[in-house]
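Colleague: I should be grateful for a close look at one part of this structure, namely how its pieces meet one another. Please explain the contacts step by step, as for a student in the first year.

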Amino acid sequence: MKNFSSKSMRLQFLKTSAFAFLLVLSSLQGFAALKIETSATGLPVSEETIKSGEALFKSKCQSCHQLDRRTTGPALTGVTERREMDWLIQWIRNNNELRQSGDADAIAIYNEYNGTAMNVFADLSDDQIKSILMYTENGPLAAPVVKSDGAEQKLDEGLFNRTNWVLFFLSILVFVVIILIIKTIDIVGKLTGKEVIPWNNINAGLMLAFLIVGMIAGLYELSIHSKYLLLSNASSAHGGELDRMMKITFIITGFVFFVTQIVLFTFAFKYRAKKGVKALHYPHNDRLEIIWTAIPAVVLTILVLGGLKAWNHINEKPAEGTAQIEVFAQQFGWQVRYPGADGKLGNSSHNLISEKSNPLGVAIPYKAKEILTELESDLKYYEEAKAGLPEKLGDLKSTLGGRVGKDLKNHLKLIEEIESGKEESFYDLQLRRRNTQIKRIKLSLSGDAPLYTAAAKDDIISDEIHLVVNEPVTFKLRSRDVIHSALMKEFRAQMNVVPGIPTQFTFTPITTTKGRRDELNNQEFDYHVICNKICGNSHFNMKIKIVVETQAEYDKWMADQKATFAQEDAEEAPAEAPAAEETTEPTENSGEVAMN
Amino acid sequence: MSNDHGHHKETFISKYVFSMDHKMISKQFLITGIIMGVMGVAMSILFRLQLAWPDTSFPILNWLFGDQWAPEGRLDSGFYMGLVTIHGTIMVFYVLTAGLSGTFSNLLIPLQVGARDMASPFMNMLSYWFFFLSSVVLMSSMFVSTGPASGGWTIYPPLSALAKAMPGSGLGMTLWLIAIILFIVSALLGGINYISTVLNMRTKGMSMNRMPLTIWAFLLTAILGLLSFPVLLGGGLLLMFDRLAGTSFYLSDIFLGGGIGALEQSGGSPILFQHLFWFLGHPEVYIIIMPALGITSEVIAVNSRKPIFGYTAMVISLIGIAVLSFLVWGHHMFITGMNPFLGTVFLIMTLIIAVPSAVKTFNYLATLWKGSIRFTNGMMFAIGLVSFFITGGLTGLFLGNAALDISLHDTYFVVAHFHLVMGSSAIFGMMAGIYHWFPRMFGRTMNKTLGYIHFWLTFISAYMVFFPMHFQGLAGVPRRYYTFDILPEFAPWLDVNVFITLAAILGGVAQIIFLWNFFSSIFAGEKSSQNPWGANTLEWTSPVEHIHGNWPGEIPTVYRWPYDYSLPDSESDFIPQNVPDEGHSEEIHVTPVNPVSSDAKKEPEESNAMFFTMVKNWFGLGRA
């Protein structure tokens, strides 16, 4: 980076001169959209590029990265100043390859983030990656909303300021004083032989006070938060029933809650020990006990029956011909697969997944063959890496000198991993995995290859779920790696996504996104699927947008979608091979097995 | 008969370290439990900082966890999950199972049934040391380079099975599993002991229906543990095989990113693990709460100066809860895609378990009715327990209902529910026990004024922490999230999170008062009288001085049930169990002692002596 400093100086100059210009511009237009003049990407800076970069950033990067702070991955503001452009493109497209090629920076990042690997984005073009990077340079495009409460935003940063330290020590002082007072009271009580403070009465009174204050506080909280609760206006057909059930349970438990808590604390207050009053020896009353066993039993029966009705209704087998979409979960994102014109989803297998070319592992013969080539090259890589271990060890040892601190520690760790045989056994394991995978793919391609059906050819893969309002839809849920859970709170729908065990959830959306926005009076609102089962470091940021729209809007959207595998597969029909030699493994066919 | 275990020489090690005396072992469990509890609570406060102020840099976090886990003073998202996981593990197993059950079963079972020690003092000692070892292994996982286990305390595979799925699933997870396996060994050694002591070593006259409710609770808890912990042991071992030996019990059809690729494992089921886990996991909830309920029954009766209302109903509902607790585990799994029919079965079973729980609550209320309530520290915590048990128990009716669970599963509603019904409740039961039996353990009383402050701060802050979480859950806010930037609709809850964190800090500070009170009272507390609360049970007849065998002379004989408080014809408002009947005060509902069983146990201490001889012969430990 020879010209780095001159470049940054130039940037600085441009920025300052641009600033004045922008100031004028913004006062004219009302918003300052572009914060940068030139971009390290080499592309001309334009609002359009940044906008598309922002969209890509939100769908691909946001689950692990933010612009201004480290989350699962590093903060991305200024990343174009920290790294070379070519390196960034390589890294974003396939960081595994870069790491495998022995790139020191790539390995260092992997280690710094505790061995959390970044996802592969092989489908992004150079221009797309550059647009994302331009977005990181510029920041969000949205017209800056005038923040009148800038001070409030900064509030928490001052948590450790001087005032708070003073307050902190003051509160400790108060605390110590209280303890001293208590000690004194205790000593006075001991000396005089009389209780100075009538603790029993005080505590009895506090019990009553707690009851009253607590109830008021609880109701106050309910009053300010009730507008956020999902207790009515469900956006799905079954949601109304659940909301009703919820309300009934609320009323019953609320009633019991108030009555029992009131009784508890009132008794505590009323029956506090008083001089000369003896407790009533009252060991049991069979009739009373039968009554308060029977009443809960009856109430619970009502709740059980209501619950069973709703549960069975929700779990009814979907009618024949219900639209199906596949929702695919992986660390840390979602994708959706539409069946295309034939209305049938093609098969899939985890063995056919390639982060580069077939992220969902859809069973398409030409893709399978592509993956075979990829796997063969993987094999070659691992074999070479294994053979090159002694040499690598020698290199590492010879470059040991002069390293200090963290660098030395990492370096020693690398040496240790080779010397202990850990690295070699990892390569062996990877070789075995790849060989098994190759064997399984070849097996699935042999014979009449039942895994590869024509239904897969017109499947459409998308980063956004579109649903038709008032049409039932079955979500077929499939996981790539660990258990996820698809929570769609406005639809009162949730189902776990379990690797190896397909699950599904059927519901009917009844409110369009637009309708919901009007209901909420919030034009920014969108439905989402979010992950609700801990699935790794970026679990908290795993979502996909759902758009509920009218049939016409849906058709229009669908018309814009291209069948993911269509054109390339044109010349290659599924191999009409001779008699089957072996059958495919049952696990590879599991894509379509219904759960119940 | 004179005590034949008192005269051998005790060294520091045999008295305080490798002690076989149940009273000392109970203190060891308690103090270890308190230390673990301090760490568990501290962790919760640290990760709550992240939830309340996600953008703020806290130098203290960086100072504690270094650049690896708290760069720039903000928790790393994986380490945040690690803290959540270890917090859950510590509180569930180490504090509320071992700390609670280990302490009070050990202290009270021999003393309240009238036995010289546990059936097997040696196994009892092993139980503690396995627990200790387990604690050390668990805490050591905080220091490994890939961080502690961080897939949640429920450690669902495949996340926990695949070392590359998240950093915490590396060595940290292996250590977690080893710790839990050691823990289970400890729980089983203890449980066998508790059961055999209660069943075989009761003193003359102590029939089953004269046992204090504490003993009933400890007995049923031990049975639950004995039947359910081995299942988790099995599940944990299989997970270990999946992790270390390449088996596929829980793994199937997995493609892992980060250059790992497709795995070979096929045919396993991740759901199988959840079945095995919750087959322990649900009874575990009752393993935690039942001893607390037992303690509460005793403390409420003593301090209301009234017999516990409906003794028989209390016992039957304990048994009912124990049996039903084995039939409800599936309510943790309603939305795993298991057959909806199974969902209906678990829905029915789960809601049925509310009936015995309701009976217990009503009986507590009836015990307070027309009592003469003395607000000792123990009593206040017992009342607090009842309040939490109601609040948390009622929300169980939402979560046990499969249909409602669809939207509430894994939201903050669940967090609120179990932190109230088994977290706060059980902690309050434990506190009630500590304040109540402190005089019996250490011969001194804790400072009651500090106790009141401790109670009120803890009680109020616990409600302030967990009550708002119901609302968060009803708004669909998921648990185990590091930040809530994901959806704009979660933004209003940031204020609530700040509120909760401040309340949690208040609650944490309150525990410092407790710690000060506890440890200073051990050495400098006010000397206690023999029976400071005027209680009927046998432990208050045994001398406070540390002696083997509990009673210097003969073991007292029991003539009555433990709840003869405020008898109308009696002058004193309590009649201890060892006071002979004068004929007229006979309780109708207490059936006479079964002569056969009491004959068989004429000299319960003999079996004890025999065991000591056996131990001596086996291990040559040289008991004189």
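Modeller: Two residues are in contact if their C-beta atoms, placed from the backbone, lie within 7 Å. The model discussed here is a predicted one.

Let us begin inside chain A, which is divided into four parts: domain 1 (33-141), domain 2 (186-275 + 287-314), domain 3 (323-345 + 456-592) and domain 4 (350-445). Between domain 1 of chain A and domain 4 of chain A, five residues on the one side are in contact with five residues on the other. On the side of domain 1 of chain A that touches domain 4 of chain A, two residues are nonpolar, three are polar and none is charged. The C-alpha centres of these two domains lie 24 Å apart.

We turn next to the meeting of the chains. Here 115 residues of chain B are in contact with 114 residues of chain A. The side of chain B that touches chain A comprises 68 nonpolar, 36 polar and 11 charged residues.

Finally, consider a pair of helices within chain B. Helix α4 (residues 77-113) of chain B and helix α5 (residues 121-140) of chain B have axes that come within 12 Å and cross at roughly 160°. Because angles over 145 degrees count as roughly antiparallel, α4(B) is roughly antiparallel to α5(B). The crossing of α4(B) and α5(B) is left-handed. From α4(B), B:Thr89, B:Tyr94, B:Ala98, B:Gly102 and B:Asn106 meet B:Asn124, B:Phe131, B:Ser135 and B:Leu138 of α5(B). By class, this contact of α4(B) with α5(B) has four nonpolar and five polar residues, with no charged ones.

Conventions: Residues are numbered from 1 along each chain as its sequence is written. Chains are lettered from A and ligands numbered from 1 in the order in which they are written. This is a predicted model: local features need pLDDT of at least 70, side-chain atom pairs count only at pLDDT 80 or more; totals for chains, interfaces and linings use all residues. Domain bounds come from an automatic or database domain assignment. Ala, Val, Leu, Ile, Met, Phe, Trp, Tyr, Cys and Pro count as nonpolar, Asp, Glu, Lys and Arg as charged, and the others, Gly among them, as polar. Axes are lines fitted to C-alpha atoms, for helices over the stretch in contact, and angles run from 0 to 180 degrees between N-to-C directions. Helices (H or I, at least four residues) and strands (E, at least two) are DSSP runs, numbered from the N terminus. Angles under 35 degrees count as roughly parallel, over 145 as roughly antiparallel, 65 to 115 as roughly perpendicular and the rest as oblique. A crossing is left-handed if the near helix is turned anticlockwise from the far one by less than a right angle, and right-handed if clockwise.
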